[in-house]
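Here is a friendly walk through one helix pair and a few charged contacts. Have the viewer open as you read.

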Amino acid sequence: MPDAHNLDKLVSEYASQLLQTLQQLLPQKPNETEFRERIDPLLEEFCHKAGLNPLAHAEYTLATGRADAVFNRLVIEYEQPGTLSNSLSHKATAHAVEQVKRYFVGLAKEQKHEINRIAGIAFDGRYIVFVRYRDGDFSVETPTTVTQQSLERFLRWLSSLASGIAL
């Protein structure tokens, strides 16, 4: 695994690549599968260069449903671009967050992880929702617009969870 300085550079580089990919992809109005097929390889490449475990499972079936992607202890719920909004009360956003929560529970049981050592995101290329389990309950952040900074945070979560470091 690279040292902290090199990991920061790698995070910044891959956040830029993800942002460029999204800027090219979103105007094409991709469906969820097309969206995921463009993003997962970049995440896997990032993991490889960072010395992390790559994509553990795509469309991972759990007792609680089918997670779109699981990178070690990070659950990613992809949504078709344009599906999520900036409000947790928005129907599609609320549904995506509930799916992430269910996958947390399923992953914790199946992989025998402590639920507070799992994190998840709902992601549609325009918005990202960060979800954790803390102090006996789910902590769901307000959806944030996808930017260089939010993608860097996403990649930091990914590298932290894949390496076993706490968030």
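## Ground rules

Helices here are DSSP runs of H or I with at least four residues, numbered from the N terminus. Please keep in mind that the model is predicted.

## How two helices pack

Let us begin at the N-terminal end of the numbering. Two packed helices are described by the angle between their axes and the distance between the axes. Helix H1 covers residues 4-25 and helix H2 covers residues 32-50; they pack at about 170°, and their axes lie 11 Å apart. That angle makes H1 roughly antiparallel to H2, since anything over 145 degrees is put in that class. The crossing of the two helices is right-handed.

Which residues of H1 and H2 meet? From H1 come Leu-7, Leu-10, Val-11, Tyr-14, Gln-17, Leu-18, Thr-21, Leu-22, Gln-24 and Leu-25. Facing them in H2 are Phe-35, Arg-38, Ile-39, Leu-42, Leu-43, Glu-45, Phe-46, Lys-49 and Ala-50. Sorted by class, this contact has 13 nonpolar, three polar and three charged residues.

## Salt bridges within helices

The model has four salt bridges in its count, and two that sit inside single helices are a good place to start. In helix H3 (residues 91-111), Lys-101 and Glu-98 are three residues apart, so about one helical turn separates them. Their closest N and O atoms are 3.2 Å apart. Glu-98 is partly exposed, at a relative accessible area of 39%.

Helix H4 holds another such pair: Glu-152 and Arg-156 are four residues apart, again about one helical turn. Here the closest N and O atoms are 3.8 Å apart, which still meets the criterion of within 4 Å. Is Glu-152 buried or exposed? With 15% relative accessibility, Glu-152 counts as buried, because the cut-off for that class is under 20%. Its partner Arg-156, at 37%, is partly exposed.

## A salt bridge between a loop and a helix

Glu-141 pairs with Arg-153, and their closest N and O atoms are 2.6 Å apart. This salt bridge links distant parts of the chain, 12 residues apart. Glu-141 lies in the loop between strand E6 (137-140) and strand E7 (144-145), while Arg-153 belongs to helix H4 (residues 148-163).

How accessible are these two residues? Glu-141 has 23% relative accessibility and counts as partly exposed. Arg-153 is partly exposed as well, with a relative accessible area of 28%.

Terms used:
Residues are numbered from 1 along each chain as its sequence is written. This is a predicted model: local features need pLDDT of at least 70, side-chain atom pairs count only at pLDDT 80 or more; totals for chains, interfaces and linings use all residues. Side-chain values use heavy atoms; hydrogens and water are left out. Axes are lines fitted to C-alpha atoms, for helices over the stretch in contact, and angles run from 0 to 180 degrees between N-to-C directions. Angles under 35 degrees count as roughly parallel, over 145 as roughly antiparallel, 65 to 115 as roughly perpendicular and the rest as oblique. A crossing is left-handed if the near helix is turned anticlockwise from the far one by less than a right angle, and right-handed if clockwise. Contact means heavy atoms within 4.5 Å. Ala, Val, Leu, Ile, Met, Phe, Trp, Tyr, Cys and Pro count as nonpolar, Asp, Glu, Lys and Arg as charged, and the others, Gly among them, as polar. A salt bridge is a side-chain nitrogen of Lys or Arg within 4 Å of a carboxyl oxygen of Asp or Glu. Buried means under 20% relative accessible area, exposed over 50%, partly exposed in between (1.4 Å probe, protein chains only).
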